[in-house]
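This briefing covers a chain interface, one side chain inside a chain, and aromatic ring pairs. The sequence and structure come first.

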Amino acid sequence: MTKGLPLRALPALTLLAMLGPVAAGLWGTVLPAFGHFPVAGQSGPSLDPIRHLLDWPGLGKAIWLSVFTGVTATVVSLGLVVLITAGWWGTRTFRALERILSPLLSVPHAAAAFGLAFLIAPSGWFARIASPVLTGWDRPPDWLIVNDPWGLSLVAGLVAKEVPFLLLMTLAALGQSDGTRGLRVAQALGYGRLTGWVKCVFPRVYAQIRLPVFVVLAFGMSVVDVAVILGPSTPPPLSVQILRWMNDPDLSQRLTAAAGALLQLALVLGTLGVWILAERAIGAAGRRWTARGGRGRFETGLRWIGFVTGGASAIAVLAGLSGLVVWSFAGFWAFPDALPGGFGLRNWNRHWPGITDAFTDTAVVALVSAGLALALVIGCLEAETRSGRTLTRRGLWLLYLPLLVPQTAFLPGLQTLLLSLGADRGLGPVIAAHLVFVLPYVFLSLGDPWRAWDQRNARVAASLGATPAAVLWRVRLPMLLRPILTAVAVGVAVSVGQYLPTLLIGGGRVATLTTEAVALASGGDRRAIGVYAVAQTAAALLPFAAALAIPALMWRNRRGLHG
Amino acid sequence: MDKGMTLRNLRITRDGQPLVGLDRAIAAGEVLTVMGPSGVGKSTLLAAITGTLGPAFKCSGEIWLDGHEISNAAPHERRVGILFQDDLLFPHLSVAENLAFGLRPGGSRTQRRAQIDAALSEIDLDGFADRDPATLSGGQKARVALMRMLLSEPCALLLDEAFSGLDAALREQMRTLVFERAKARSLPVLMVTHDTEDAAAAGGDVIRLG
């Protein structure tokens with residue numbers, strides 16, 4: 001990395017690693033969607049796959065479910081984050097909420113969804129705690145709460161995970177937008193805290209969290225693992241149906257899957273377009289609202305709605321995780337009892353061989369993809385430092401692009417492509433696919449602390465005779481050890497949580513804790529699910545513990561590095 | 001070889017607009033003070049000499065140091081030492097490791113250790129080798145920063161508001177120490193400051209910008 005040329009090539013290489021698979025996957029989707037699929041003996045072009053897709057009786061409902069759940073989850077998550085931040089930002093209550101919400105960011109989606117399912121199902125923890133005293137039930141009622149036809153529990157599962165994400169993005173944006181003084185001015189002019197924040201600080205914040213909001217929308221419309229666990233099944237949302245077609249033993253169904261993937265892409269792009277139009281309309285309405293000069297009404301009520309809902313969503317995830325732990329150690333557990341009759345290691349012993357196998361694959365894929373991502377990101381940031389050119393707006397869009405193109409739109413095509421190249425084996429392709437999603441998050445995580453580092457340290461080191469490479473290795477990287485390890489932990493957590501890339505690109509032969517856990521969803525063996533989901537959560541959280549512990553140990557005698 | 005630093009028609013522009021310029025020779029052991037309000041480009045002038053101008057800036061003219069032209073040399077090859085208002089000791093290194101970072105390469109481990117111990121005792125910090133820099137007082141940190149810079153054997157010294165962060169008594173002490181060491185090593189010194197007392201203590205010529 002000391003030579004100029006390879007370092008300058010790293011940004012291009014990073015873009016290739018991130019966008020190459022997306023482009024290849026989309027290409028590999030278009031061909032079979034129009035009937036060209038030599039592996040299954042089909043050569044196009046033809047409109048048959050699209051005809052098959054349109055002939056599927058569940059199509060209308062599946063489309064409606066994807067749009068409804070995605071948009072609702074995004075609106076509710078964003079609304080909650082605004083209520084919490086506008087109502088409580090800068091208070092002790094806000095710090096408490098922030099403290100219980102932020103660790104939830106790294107809990108894998110699947111584990112959070114399982115936890116929620118175990119909580120709200122008719123035979124779940126809530127029903128058990130309330131029965132029989134409050135409800136009079138001595139057997140679970142025959143209600144369809146989880147997998148409800150409207151997808152409401154799917155929305156709840158998404159909201160519980162997206163609120164921490166958007167909250168963290170909002171906090172980062174607040175740090176750069178001088179919100180404190182803006183709010184103080186508004187309050188001095190007689191505005192209530194909530195109204196003042198929404199009228200005066202939110203517009204700047206939204207401009208900065210716009211791309212993350214788009215990510216939440218695209219993700220919510222196309223998620224597979226959470227939808228398998230919490231979503232309706234007859235018919236399922238479009239993304240789950242695409243996966244079913246992909247897994248069909250009849251290879252020709254992959255053509256239908258490809259047509260579905262194109263439809264999924266069009267749906268997400270169309271919805272994003274409508275969202276952007278809505279942004280304009282709401283912006284204009286907001287301007288008129290601001291110009292009317294109202295100082296705020298219903299402030300107290302709205303603040304408490306934000307507090308209670310935000311707290312409830314955090315507690316739901318935490319209680320859900322506790323439920324998973326309890327089930328993983330549970331012996332016999334009769335219905336209305338609040339706790340199992342006995343605890344033991346039986347479930348863990350039974351699944352231990354499977355857990356260790358899956359853990360090995362999980363760890364190898366996660367550590368290699370996070371390590372590669374870190375090397376590329378540090379290379380890009382160092383190239384940025386040395387050239388003095390910072391990331392442009394267009395660059396930021398490119399960074400978010402892999403998170404905006406729905407996974408179900410390009411991963412089927414990527415798998416089809418790898419299949420026809422005969423390169424669909426082993427961990428390599430899976431690692432490359434994970435890298436697509438790990439890279440943006442590692443970049444976003446490390447970018448801000450990297451740029452916030454006092455550049456005068458580099459000037460001093462250079463004036464002492466240190467080469468640019470020495471400045472990087474001996475000064476900058478050691479001083480940034482903590483954010484670097486945090487970025488690796490973020491990368492590992494992202495990789496651990498990946499379901500679709502592992503399943504599709506691994507061709508079913510790479511079994512991680514996530515694919516194993518989600519595969520158990522339909523079976524309903526709560527003890528097995530508990531064991532796998534707890535192991536999955538631990539795999540995602542342990543690196544964060546390490547990211548805290550390692551710098552604390554290494555720099556235990558260096559007070560200047562304990563921010 | 002003619003000792004000292006010469007800025008020959010040095011001109012700095014920002015986005016094409018002229019910002020600041022200087023055409024001066026600073027003899028070995030001389031202190032030149034540049035004064036002016038903030039935003040006039042004093043620090044930019046120093047960045048041009050250390051070779052660390054931002055991409056928006058362009059610089060023309062020549063910089064000569066001890067008979068070599070360094071205008072196009074890489075920052076780490078210029079042998080120009082600089083002290084800022086903050087000590088900027090590296091927080092992950094001990095006091096001795098900070099000094100060793102500055103000390104020119106060469107010599108055995110024991111020799112280097114001995115040089116560092118001697119340097120510590122020169123600034124009245126015997127026994128501070130293994131200390132965490134964050135546990136030092138402001139004056140102690142400033143002395144370590146000065147010594148770290150001197151150990152790198154610079155051929156010129158730049159001071160960027162170097163005394164502004166210290167309280168009055170320490171300031172006096174630090175000024176004396178820095179100017180003494182610079183004179184003892186016959187270093188040309190270029191100081192930018194907004195404080196007239198700094199200028200008076202330096203005793204050399206004063207240039208006002210802006």
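Which backbone atom lies 3.4 Å from a polar atom of the side chain of Thr29(A)? In this predicted model, that atom is the backbone nitrogen of Gly413(A). The points below start from Thr29(A), then turn to the contact between chain A and chain B and to the aromatic pairs.

**Surroundings of Thr29(A)**

- Thr29(A) sits in helix α1 of chain A, which spans residues 4–33.
- With a relative accessible area of 1%, Thr29(A) is buried, because the cut-off for that class is under 20%.
- Beyond its neighbours within four places in sequence, Thr29(A) touches Ala258(A), Ala261(A) and Leu262(A), as well as Ala409(A), Phe410(A) and Gly413(A).
- Gly413(A) therefore appears both among these contacts and as the residue whose backbone nitrogen lies 3.4 Å from a polar side-chain atom of Thr29(A), a distance that falls within the 3.5 Å limit for a polar contact.

**Interface of chain A and chain B**

- Chain A contributes 25 residues to the contact and chain B contributes 29 residues.
- About 2,400 Å² is buried between chain A and chain B, and carbon and sulfur atoms give 63% of this area.
- Of the area that chain A buries against chain B, 31% comes from Arg459(A), Leu464(A) and Arg558(A), more than from any other three residues.
- Two salt bridges are found across the interface.
- One salt bridge joins Arg558(A) to Glu97(B), with 3.8 Å between the closest N and O atoms.
- Six residue pairs, both members at pLDDT 80 or more, are in polar contact between chain A and chain B.
- Helices α18 (456–463) and α19 (468–479) of chain A each supply at least two residues of the side that touches chain B.
- α18(A) gives the largest share of that side, seven residues.
- By residue class, the side of chain A that touches chain B has 11 nonpolar, eight polar and six charged residues.

**Aromatic pairs**

- Over all chains, the count is 18 aromatic pairs.
- The rings of Trp64(A) and Phe68(A) have centres 5.2 Å apart and planes at 25°, so this pair is stacked.
- Trp64(A) and Phe68(A) are about one helical turn apart because they lie four residues apart in helix α3 (residues 59–88) of chain A.
- Trp64(A) is partly exposed at 43% relative accessible area, whereas Phe68(A) counts as buried at 17%.
- Trp137(A) and Trp143(A) form an edge-to-face pair because their planes are at 90°, with ring centres 5.3 Å apart.
- Trp137(A) is partly exposed, its relative accessible area being 23%.
- Phe114(A), Phe118(A), Trp327(A) and Trp333(A) are linked by ring pairs into a cluster.

Notes
Residues are numbered from 1 along each chain as its sequence is written. Chains are lettered from A and ligands numbered from 1 in the order in which they are written. This is a predicted model: local features need pLDDT of at least 70, side-chain atom pairs count only at pLDDT 80 or more; totals for chains, interfaces and linings use all residues. Side-chain values use heavy atoms; hydrogens and water are left out. Contact means heavy atoms within 4.5 Å. Buried area is the accessible area (1.4 Å probe) that two parts lose on being put together, summed over both. A salt bridge is a side-chain nitrogen of Lys or Arg within 4 Å of a carboxyl oxygen of Asp or Glu. A polar contact is a pair of N or O atoms within 3.5 Å; within protein, one must be able to donate a hydrogen and the other to accept it, and residues adjacent in sequence count only if both atoms are side-chain atoms. Ala, Val, Leu, Ile, Met, Phe, Trp, Tyr, Cys and Pro count as nonpolar, Asp, Glu, Lys and Arg as charged, and the others, Gly among them, as polar. Buried means under 20% relative accessible area, exposed over 50%, partly exposed in between (1.4 Å probe, protein chains only). Rings of Phe, Tyr and Trp (its six-membered ring) pair if their centres lie within 6.5 Å; planes under 30 degrees apart count as stacked, over 60 as edge-to-face and the rest as tilted.
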